[in-house]
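Trainee: I would like a close look at a single part of this model, end to end. Please give the cut-offs behind each term as you go.

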Amino acid sequence: MITAKVIGYDGHNLVVVPSEPLDRELLRKQVGEIGIRLNDGRTITADQRKKIFAIIRDIAIWSGHEPEYIRGLLTWDFMTNWDGEVFSLSDVDMTTARYFLNYLINFCFQYKVPTKKPLLEHAEDIGRYLYLCLEHRKCAICNKPAEVHHVDRVGMGFNRHKINHVGLKAIALCRQHHQEAENDELKLFEKYKVYGIKLDEYLVKVLKL
């Protein structure tokens, strides 16, 4: 991963100086666009570290391996896929810790890893978490098998199976929490700090809406 120092921004154009020459990389890979990850210099918080170790412990129990082995394996996989550098959970920057936490939560959804606590309690990027819940049909509150709760109601006289759901807001909820939402949606959302997110074409296809 190549870092760069920000030397100017006028509200539209960002000027940066890379830490090393990019000529070879730009020519070899024919790069037209780049991703930007802003690091504000803050280090991992105690809460982030606690959440990361809790999920790693859950994955270790599920896999039958020691937590230390799992931590090393997942850290390596994360760095490989994100083109990152070796880091320590004792002093890694807050941004990387956040991305690593997202990676671990995604891993649990992808491989159906049972966790001691609902993943909602570990999530920092709630919007991303709610998207994963819909994608994998897991309750956003307790992670049990879920139904789709439509936050944007389909009006009377309309056939839900014939309208375009793209852009409508929804959330994945188990039968119990779905019923609670039907009775008092605002109360449920305020209690657990969740909300409906807009369905995109991918979610509509996956959920067969």
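Mentor: What follows covers one helix and the residue after it, and then a few other sites.

This is a predicted model, in which local features need pLDDT of at least 70 and side-chain atom pairs count only at pLDDT 80 or more, while totals for chains, interfaces and linings use all residues. Residues are numbered from 1 along each chain as its sequence is written, and side-chain values use heavy atoms, with hydrogens and water left out.

The part is helix H6, residues 175-192. Helices (H or I, at least four residues) and strands (E, at least two) are DSSP runs, numbered from the N terminus. H6 has 18 residues, and a straight helix of that length would span 26 Å at 1.5 Å a residue; the expected span is 1.5 Å times one less than the number of residues. Between its end C-alpha atoms, H6 spans only 16 Å. H6 also has a kink of about 125°, centred on Asp184. The bend at a residue is the angle between axes fitted to the seven residues ending there and the seven starting there.

His177, His178 and Ala181 of H6 are buried, as are Glu185, Leu188 and Phe189. Buried means under 20% relative accessible area, exposed over 50%, and partly exposed in between (1.4 Å probe, protein chains only). The cover over these buried residues includes strand S3 (147-150) and strand S4 (169-173), where contact means heavy atoms within 4.5 Å.

After H6 comes Lys193, in the loop between H6 and strand S5 (197-198). Its phi is near 60°, a positive value in a residue other than glycine. Lys193 is exposed, with a relative accessible area of 61%.

Lys208 offers another positive phi in a residue other than glycine, near 55°. Lys208 is found in the segment after helix H7 (201-207) and is exposed, at 75% relative accessible area.

Two other helices supply a buried site and an exposed one. Asn102, in helix H4 (residues 94-110), is buried, with a relative accessible area of 8%. Neighbours within four places in sequence aside, Asn102 is in contact with Asp125 and Arg128. Trp76, in helix H3 (residues 67-82), is exposed, with a relative accessible area of 53%.
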